[in-house]
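Trainee: I should like to work through this model with you, from its overall confidence to single residues.

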Amino acid sequence: MEIPKRCRQYFTDTITVIDHAWIDKIRKSNLDAYYKIASIIDAMGEGSRKAQNLSKVLTSLKILEYAVKQTLYVFSNEGLVKGILKMGYGKKLFIRRRNGNLNELDPLCCLDFYVNENCQRQGVGKQLFEFMRKREGHIHPARIALDRPSPKLLGFVAKHYKLKSFFPQSNNFVVFDAYFTSPSTLSPVPSKKKSKKASIKVEETTTRKRVSEPSSPKTRKISLQPANLHELPYDNDVPVSPNSRQTYQMGSSESVSTQENTYRLIRNPITNHVTRVPLVHYKTDPNELEAHMKRLRL
């Protein structure tokens, strides 16, 4: 619904709050704007009636003018009214719970909720609902009663606030089971998803912590260079101690004190797996050593 240019001064914010005091002020100061705004609100109320297949209109300027405890939230952007949300207090509700008990409640009620068909799935409804919640002291959605909600409204609260469980009432109001739980046990309202940048920072921090952790004393690094050679030459055989944590490089003639047996490092060219062959055992039998090397190369 387009807002006339003469009335746009009253809809400068994205969401405008309209109540009986606001309407009375407009009517006394600018009667022409009052009638134009009335036509806009009435048209949105008629659109809501048709969308919900109701017999009568729930929202109009005349109803709001005389309803002291009702508030209308109007979403407008680029000179167009795209959605409305009407809330109200003062309705005494008798709600029967699943255990059969009858409770008298006076909750904040959602009386009408409508977003123009051409503006749906653009976040208009969520912005209206969140603005209302903030203005009402960050009220939890479970504390709001829904008056004859349409399937779309029930799907809306189920998607954004995870509210699905309720006991059907004869007065057609919907009060979710979570309404009767204590505020401390209510599940928090789902917030926006964290940005990708934040998740990347967490991953980087975790990676750095892992790198900075000291290696286990049982871990031994063996660096083989150059990579195109598959085994150490005989003249570079070095004694290797199981408790040693030194790094041995291919082509290095560095040796450790002769504490234990001398080993030969042989790498499988297919699996890139390095095997230590004790030379003390095989030097006595060259044929057995050659057979073992052939098995490693397979």
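The questions and answers below concern a predicted model.

Trainee: How many helices and strands are there in the chain?
Mentor: The chain has 298 residues, of which 37% are buried. Among its contacts with a separation of 6 or more, 58% are between residues 24 or more positions apart. As for secondary structure, the count is eight helices and 13 strands.

Trainee: In which element is confidence lowest, and in which is it highest?
Mentor: The mean pLDDT of the chain is 76, with 62% of the residues at 70 or more. By element, the lowest mean is 38, in strand β11 (residues 248-249), and the highest is 96, in β1.

Trainee: Over which residues is the pLDDT below 50, and how many contacts does the model have there?
Mentor: Where pLDDT is low, the predicted coordinates should not be read in detail. One such stretch is residues 280-284, where pLDDT stays under 50 and the model has seven contacts beyond four places in sequence. The other to note is residues 194-260, also with pLDDT below 50, for which the contacts beyond near neighbours in sequence number 73.

Trainee: What distance separates the end C-alpha atoms of helix α2, and what span should its residues give?
Mentor: Helix α2 covers residues 31-52, which is 22 residues. At 1.5 Å a residue, taken over one less than the number of residues, the expected span is 32 Å. The end C-alpha atoms agree with this, being separated by 32 Å.

Trainee: Which residue caps the N-terminal end of α2?
Mentor: The contact to look for ends on the backbone nitrogen of D32. A side-chain oxygen lies 3.3 Å from that nitrogen, and it belongs to N30.

Trainee: Which elements cover the buried residues of α2?
Mentor: The buried residues of the helix are A33, Y34, I37, A38, I40, I41, M44, G45, G47 and S48. Their cover includes both helices and strands, namely α1 (20-29), α3 (61-66), β1 (15-18), β2 (70-77), β3 (80-88) and β6 (108-115).

Trainee: Is β6 largely enclosed or largely open?
Mentor: A residue counts as buried when its relative accessible area is under 20%. Eight of the eight residues of β6 are buried, so the strand is largely enclosed by the rest of the structure.

Trainee: With which strands does β6 pair, and in which sense?
Mentor: With β3 the pairing is antiparallel and runs over six bridges; there, G83 has V115 of β6 as its bridge partner. On the parallel side, three bridges join β6 to residues 144-147, and one partner pair is C110 with L146. The two strands are therefore β3, antiparallel, and β7, parallel.

Trainee: What is the handedness of the β-α-β unit that includes β6?
Mentor: The unit runs from β6 through helix α4 (residues 124-135) to β7. With the strands pointing away from the viewer, a clockwise path over the helix is the criterion for one hand. The unit of β6, α4 and β7 is right-handed.

Trainee: Is S76 buried or exposed?
Mentor: S76 is found in strand β2. Beyond residues up to four places away in sequence, S76 touches I3, F11, D13, T14 and V81. With a relative accessibility of 6%, S76 counts as buried.

Trainee: Which side chain has a polar contact with that of Y89?
Mentor: Y89 is in the loop between β3 and β4 (93-96) and, at 39% relative accessibility, counts as partly exposed. Its contacts outside four places in sequence are K69, P107, L108 and E136. One of these also makes a polar contact of 3.3 Å with the side chain of Y89, namely E136.

Trainee: What phi values do K162 and N172 take?
Mentor: Most residues other than glycine have a negative phi. K162 and N172 both lie in the loop between α5 (151-161) and β8 (173-174); K162 is exposed, at 57% relative accessible area, while N172 is partly exposed, at 41%. Both have a positive phi, near 55° for K162 and about 65° for N172.

Trainee: Which residue just after α2 takes a positive phi?
Mentor: The position sought follows the end of the helix, and its phi is about 55°. The residue is N53.

Terms used: Residues are numbered from 1 along each chain as its sequence is written. This is a predicted model: local features need pLDDT of at least 70, side-chain atom pairs count only at pLDDT 80 or more; totals for chains, interfaces and linings use all residues. Side-chain values use heavy atoms; hydrogens and water are left out. Helices (H or I, at least four residues) and strands (E, at least two) are DSSP runs, numbered from the N terminus. Buried means under 20% relative accessible area, exposed over 50%, partly exposed in between (1.4 Å probe, protein chains only). Contact means heavy atoms within 4.5 Å. A polar contact is a pair of N or O atoms within 3.5 Å; within protein, one must be able to donate a hydrogen and the other to accept it, and residues adjacent in sequence count only if both atoms are side-chain atoms. pLDDT is the predictor's confidence in each residue, from 0 to 100.
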